[in-house]
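User: I'd like to go through the contacts in this model with you. Could you explain the reasoning behind each label as we go?

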Amino acid sequence: MRAVVQHGTGGPEVLELEDRPEPTRNSGDVLIRTEAIAVPFYETQMRSGQIPAGPAPAVFGHEAAGIVLDADDPALLGKRVVTMSFTGGAYAEVVAASQYSLVPDGITAEQAVAAAVPASVALGLMDAANVKAGETVLVEAVSGAIGGYLARLAERNGARVVATAGQGKADIDHDDPDWRQQVPEGIDVVFEAIGGPRAAELTAKLAFFGRILAFGMLSGELPVFSVADLIPRGLTLIGFGGPDAYGKRVAAVRAEALGLVADGTLTPVLDRAYPLADVAAAHARVESREGTGKVVLVP
Ligand SMILES: NC(=O)c1ccc[n+]([C@@H]2O[C@H](COP(=O)([O-])OP(=O)(O)OC[C@H]3O[C@@H](n4cnc5c(N)ncnc54)[C@H](OP(=O)(O)O)[C@@H]3O)[C@@H](O)[C@H]2O)c1
């Protein structure tokens, strides 16, 4: 099969299209012929070495959708599923997956990969933040997949959304180094995706007993907060991510997330599709930050 292999860290050229043996399936896994593979921003950071990736050389990629070729349960054969792996292997024509969800009828493979992980992360974040009607939430990087779904879910809950994005895509431009000064006071919940040493400036904008959900590091650095930042306003800081604590809760709401796409509550936004051979162009597109919506690879 054709697969994209990561050779060390660096620019898009460290990703090479190669012929590789098809993966074998363990009991409980499904074997999938991929139809669409997501290229989320965090993968460009893994490729460049900004955040840790697994050992190289190895087939790269984490989020794919496709048709089941082999499974323990014969009823799964021919069904469309979407999968997320913490250990790579998704940029390939065939993928073996232990975690997968059935894609509801009427949802394309591209839409499935644009929704399955980010929409379920957004649902998990909303649950952890316990956003209530009438509250004001700050959604950082609303132009990203998770941010877009968070804004929709928060509005559906009756919350008011204040949002940031780059290049004029939202009221607050998060490429302005002083953007945190533009955030209005009285924010009840911050969905903190950007991170970095200046994240604590936001605590001055939070209402008493506000919550900060730290879940991303789009700037390349984790957010920095100290207890002294939290005490004066009685703030709660919640770390959200990884495969175990919240990761298990996120996996548990994946079917619900896909159901919200199927019933029209959430709308996946697609930017561009590239053939597997053009993986370097796909990574460059994500890093350019010129588009809005998900970049996908189509084998
Ligand atoms: N905790 C978890 O469970 C979990 C799970 C998955 C992902 N994540 C993290 O969540 C974050 C968002 O993921 P996503 O899937 O929504 O991303 P995505 O759809 O790939 O979009 C990335 C967005 O990030 C923005 N961005 C890129 N570089 C930035 C920077 N230096 N400063 C500010 N914004 C920047 C871009 O917006 P503009 O072009 O408008 O600037 C782009 O729209 C990432 O950090 C990812 O690692 C966390």
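**Around the ligand**

Analyst: Happy to! This is a predicted model. The ligand is surrounded by 23 residues, and the closest are Phe41, Ser143, Ala145, His174 and Arg289.

User: What makes a residue count as near the ligand?

Analyst: One of its heavy atoms must lie within 4 Å of the ligand. The shell around the ligand divides into 13 nonpolar, seven polar and three charged residues.

User: Why is the pair formed by phenylalanine 240 and the ligand called a polar contact?

Analyst: A backbone N or O atom of phenylalanine 240 lies 2.9 Å from a nitrogen atom of the ligand. The cut-off is 3.5 Å between N or O atoms, so this pair qualifies. Phenylalanine 215 passes too, because its polar backbone atom is 3.0 Å from a nitrogen atom of the ligand. For methionine 217, the distance from a backbone N or O atom to a ligand oxygen atom is 3.2 Å, so that pair is also a polar contact.

User: How much of the ligand's accessible area does the protein cover?

Analyst: The protein covers 86% of the 930 Å² that the ligand has on its own. Helix H1 (41–48) and helix H3 (145–156) each give two or more residues to the shell.

User: Which domains does the shell draw on?

Analyst: At least three residues come from each of domain 1 (2–102 + 269–298) and domain 2 (118–239).

User: And what about the second largest pocket: how many residues line it?

Analyst: The second largest pocket holds about 420 Å³ of space. Its lining has 24 residues, with Ser85, Thr87, Gly88, Gly89 and Ala96 closest to the centre. Strand E7 gives the most to this lining, with four residues.

Definitions and conventions. Residues numbered from 1 in each chain as written. Predicted model: local features only at pLDDT ≥ 70, side-chain atom pairs only at ≥ 80, totals over all residues. Heavy atoms only, no water. 1 Å grid on protein atoms, 1.4 Å probe; cavity = no way out; pocket = protein on both sides within 12 Å on 5 of 7 lines; lining within 4 Å. Points joined across faces, edges and corners; volume = space filled by probe spheres on them. Polar contact = N/O pair within 3.5 Å; in protein donor to acceptor, adjacent residues only side chain to side chain. Areas by Shrake-Rupley, 256 points an atom, 1.4 Å probe, with all protein chains shown as cover. Nonpolar A, V, L, I, M, F, W, Y, C, P; charged D, E, K, R; others polar. Domains from an automatic or database assignment.
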